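Trainee: I have a structure open and I would like to learn how to read it. Can we go through it feature by feature?

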Amino acid sequence: MEDVCEGKDFSFPKQEEQVLQWWTDVKAFETQLNKTKHLPEYIFYDGPPFATGLPHYGHILAGTIKDIVTRYQTMTGHHVTRRFGWDCHGLPVEHEIDTKLGIKSREDVLRMGIDKYNEECRSIVTRYVGEWEKVITRTGRWIDFKSDYKTMDLSYMESVWWVFAELFKKNLVYRGFKDVPDPEIMVTFPIVDDQDGASFVAWTTTPSTLPSNLALCVNLNFVYVKAKSKANGNIYVVAESRLSELSVEKAKERTANGGLDDKTKGTSGKSESSAAAYEVLDKFPGSSLVGKKYVPLFDYFRNFSDTAFRVVADDYVTLDSGTGIVHCAPAFGEDDYRVCMENKIINKGENLVMPVDDDGCFTEMITDFRGRYVKEADKDIIQPVKASIVVILKRLVKSGNFTHRYPFCWRSDTPLIYRAVPSWFVAVEKLKDQLLANNEKTTWVPSFVKKMQEIGPISRSRFWGTPLPIWISKDGVDIEVIGSVEELESRSGMKVTDLHRHKIDHITIPSPRGPEFGVLHRVEDVFDCWFESGSMPYAYIHYPFENKEYFNTNFPGHFVAEGLDQTRGWFYTLMVLSTALFEKPAFRNLICNGLVLAEDGKKMSKRLKNYPSPMEVIDDYGADALRLYIINSPVVRAEPLRFKKEGVYAVVKDVFLPWYNAYRFLVQNAKRLEVDGVEPFVPLDRATVINSANVLDQWINSATQSLVHFVRQEMDAYRLYTVVPYLLKFIDNLTNIYVRFNRKRLKGRTGENDCKTALSTLYHVLLTCCKAMAPFTPFFTEVLYKNLRKVSNGSEESIHFCSFPEVEGKGGDRIEQSVNRMMTIIDLARNIRERHNKPLKTPLREMVVVHPDAEFLDDIVGRLKEFVLEELNVKSIVPCNDPLKYASLRAEPDYSVLGKRLGKSMRVVAEALKAMSQEEILSFEKTGEITIATHCLKLSDIKACDVLVIIDLQPDDSLFEAGFAREVVSRIQKLRKKSALESTDSVEVYFKSLDEDVTVSAEILKSQETYIKEALGCSLLHYSMIPKHAVVIAEETYKNVSNFDFQITLSRTALVFNEKAIVDLYSGNAKYAQALQVYLLSRDYDNLKSEFQQGNGKIKKEKNPLFYAGTKTLETPISSSSSSLSQLFCSSNN
């Protein structure tokens, strides 16, 4: 393996760019596909994004989820074709052209010509393809851009036609009406034949819909009142709880129509004063109002009088605003349309009178406002600007401003207008039972999004899209649906090379009734984009015109993933179409992610600039860090994520740097073996490592097997949100337990064989961890793998060509549990020390560990004892299996677990738990469950104290010497760090007492010599032994450390010569002798040491000078070869 740099010098973004270039050079993705082509297919459907804008975090999130799953499936033995797709049609493209060309209305497009307009749209569709490919590739996603599919391709559009034709053949298509997105006022509607002359009061925030009113809606379950104004005698009907919302009216004369005169205004008041201003005459349920007729505001729809202008009921009426009475204008609201249709005020499938044109202006039908933009007409409807509509002010009870959410166009930032337009629908109600059955065959993650809903209209009155293949006769009798290009050519006799509107709108089909009935023309609508993308499983491979066998073998697909905002659009359309066509679900597994918001919780906006660009984050911290940040967040559970750039940095700091340091520690110590003259590091085989007798080796091997088992289990269930936290915890344990507690073994201080076993264990664990993490962090694992594979024969060239690790037997639950409890003990003991101001350098005599598990206590005082003693600096551990000897037990409910489950019963259960006796708690622990107030509780429902720790904090003079030795070691290690020395850097450490009596500290350090040498990896030398030519790296003085003053000096390891012997070597020539010493001192110490060991301690020269090594003398023969003086080693520390 090659040496590696320090963590602070490792640039994650630059390393990723190098990996990207290497992937390109070796054609890694193509190679992976070729290597797996003989394996079973895993079908992944990639929902097509719009190509008219740059990719944002939502795209990166969904793309990362897709990349993780498909990489994992490849590693577990599948061939995964991954083709990128583009949604080329629809409003986003048209909006770009409208803005570019200044198009304001539908008429502008027709004047320009649909052909020119559509070609303008086509010209910009792929404008950002290059940027998309750059960003998506930079995030590490492997997907085929060269073989991408586009919804505007002829082959794709033809398959969409086939899908629709099949639905039509099955009588699953119909024409109906659907909404396309639209000052607070209360208006009276006099009740016909009411004996008191009362009026209904309805509330609206869209006055522009009032001219189209056809009904009033109440809620059957609400209580309504008839209330009389004490000021002027007006009588109104409203919901009882909303009476306080009526205005406090002034005492004015009533007008003939029961409203206020044109100079009377209602004034808002507080609830108390409003309610007190009215006398309640009667109370009645909402059901009693159903069917009552009322006088409409306008007479534009008087031809509907037989069925309209009456009260209906529906649950969508609420009491959170308004009067409890809603005015219904079916041309302007989804619920309005539904309620009026259900109550036979309008009929399904019939042409709905539409008072607003395609540009959002009132038609000739609304004579008083014709040609006016509806939102601009709001104020004119309220204000009596025309004598003909002065009646509305007389019916006005209350007016004002109301702040509420209102839909705005996502691109132009202008208010949307809701109006019903004739549209084509799939008859989903006919498929309901089969849809529900098919949905049960699928796995949705998270499960709460698994709900089937209506998919809405499948047509749009637009220009740039796949045209509906419907040809209709002028009288509407003949309807022909075309399912292919070949059929259209055959029926029309014309050659077809493009299916867009401007290429086929002129094509006619002869009437099947004969020439006398003329020809059929295509309807003007195009398909909704969701229908196009929902046809993707068939259209992207041009089914059924091509790839029949491939499709039939591999349908339904295995996996889809998109955002929560795609649920109703794409997921449900996929399911509806596949059910209608094949009576099967379209997919087997689905991951639905939440929305990525700006840090302030608002939607990310380029206009507001409230988020950092994805490339900025990647350039700063790397794509792997971004991937791990978004995957290890609530957004993978379909919850929102407030994106914070600092969170990505935290991933680098808390995950990647510790992981890298563990890897670097392995490489450094493997390279040290070579420097020390041992053969280059080659890891022991896996079987040998698994059978290691070392307890930490056993633990990390077991933990690695548990990791592999868990990742396979959760990834197979598509629960990415559980996998990443587990992986991160494993990396944390690897670096903070295995590497940290094993430093002596890994550095070779416990013998060469033990060192190789530890290094081999760490090697195999890192290799397995890299393979398990490869789908999540493809760059970093590739960097590590490329170096790790150099000591492993026959390994794959890339980690992404490797198989996912197999589970090699069951992990050892006991050793894993014991080590976890050991870490709990260490954390508890550290907390005790901190609270009582007892630093770790202060030795303590005894610690008692209390736990009922005898096997764990055996481990903690047996094979894990040395780690606890060293980490906590205590001299002995006393086990105790009686929890009641040192503490009393108390049951405490876990509210976070039980709260949602128990609801109102939580209080009763909590009180019962807290009142449990010691015996009841012990019995509960033994049986594992208990029933309280009919609720069965498990141990996991209770906050548990797993282990108890008691420490003897009494001072003990006998521990003073050990404490002083730890203080000295601590300061030496801090000085090494301050001097930027690496753990593998070899230095000499000198101690100089500054006390009057230097013997006291000397005797203490001598008594602690073994501990100091183990901790430092070298002896602590007396200052008098430092060579005169030593290179001092650092020197620092310390005062009053355990009442001692001393100086620590760090120097480069240096040679010490027997000068007389060297002079004798050159027959008394002092100049030659000095030159030899200068040469040897100029040599690199580690290289010199290695060459000395390779020469078995000898270099050949005429005579044998003596070289001193501290207190040890080495005799080294010297040869007569004047050019081979490099084979020599001697130092003051060996």
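Mentor: We will take cores, rings, charges over rings, cysteines and helices in turn. One point before we start: this is a predicted model.

Trainee: How do I read a nonpolar core?

Mentor: Start with the general idea. In soluble globular proteins, nonpolar side chains tend to be buried together. Now the case here. The largest nonpolar core has 131 residues. Phe643, Trp659, Phe776, Met822 and Met847 touch the most other members.

Trainee: Which helix gives the most to this core?

Mentor: Helix H22, residues 645-675, with 14 residues. Another core lies apart from the largest one and has 62 residues. Among its members are Leu488, Phe527, Ile541 and Leu581.

Trainee: What does Met847 touch?

Mentor: Set aside residues up to four places away in sequence. Then Met847 touches Ile825, Ala829, Val868, Leu872, Ser876, Ile877, Val878, Val949, Ile950 and Ile951.

Trainee: Now the rings. How many aromatic pairs are there?

Mentor: The count is 60. To read a pair, look at two values: the distance between ring centres and the angle between planes. Planes under 30 degrees apart count as stacked, and those over 60 as edge-to-face. The rest are tilted.

Trainee: Phe44 and Phe559: what kind of pair are they?

Mentor: Their ring centres are 5.8 Å apart and their planes are at 25°, so the pair is stacked. Phe44 is buried, at 5% relative accessible area. Phe559 is buried too, at 0%.

Trainee: And what about Tyr1038 and Phe1046?

Mentor: Their planes are at 35°, with the centres 5.4 Å apart, so this pair is tilted. Tyr1038 has a relative accessible area of 11% and is buried. Phe1046 is buried at 0%.

Trainee: Which residues do ring pairs link into a cluster?

Mentor: Phe10, Phe12, Phe656, Trp659, Tyr660, Tyr663 and Phe780. You met Trp659 earlier, in the largest core.

Trainee: Where does the charged end of Arg138 sit?

Mentor: Over the ring of Phe779, 5.6 Å from its centre. Look at Lys786 as well. Lys786 lies over the face of Trp22, at 4.2 Å from the ring centre.

Trainee: How many disulfides are there?

Mentor: Zero. Take Cys769 as a case. The nearest cysteine sulfur belongs to Cys770 and is 5.9 Å away. A disulfide needs the two sulfurs within 2.5 Å, so Cys769 is in no disulfide. Cys769 is buried, at 1% relative accessibility. Cys880 is also buried, at 9%.

Trainee: How do I check the span of a helix?

Mentor: Compare an expected span with the distance between its end C-alpha atoms. Try H8, residues 154-169. At 1.5 Å a residue, its 16 residues should span 22 Å. The end C-alpha atoms are 22 Å apart, which agrees.

Trainee: Is H8 mostly covered or mostly open?

Mentor: Mostly covered: twelve of its 16 residues are buried. They include Trp161, Trp162 and Phe164, along with Glu158 and Glu166. Just after H8, Asn171 takes a positive phi of about 60°.

Trainee: One last residue. Where is Thr761?

Mentor: In helix H27, residues 752-773. Thr761 is buried, at 0% relative accessibility. Leave aside neighbours within four places in sequence, and Thr761 is in contact with Val689, Asp697, Ile700, Asn701 and Tyr738.

Note on methods. Residues numbered from 1 in each chain as written. Predicted model: local features only at pLDDT ≥ 70, side-chain atom pairs only at ≥ 80, totals over all residues. Heavy atoms only, no water. Core = buried A, V, L, I, M, F, W, Y, C linked by side-chain atoms within 4.5 Å. Buried < 20%, exposed > 50% of the residue type's maximum accessible area, 1.4 Å probe, protein only. Helix = DSSP H or I, 4+ residues; strand = E, 2+ residues; numbered from the N terminus. Contact = heavy atoms within 4.5 Å. Phe/Tyr/Trp six-rings, centres within 6.5 Å; stacked < 30°, edge-to-face > 60°. Lys NZ or Arg CZ within 6 Å of the ring centre and 35° of its normal. Expected span 1.5 Å × (residues − 1).
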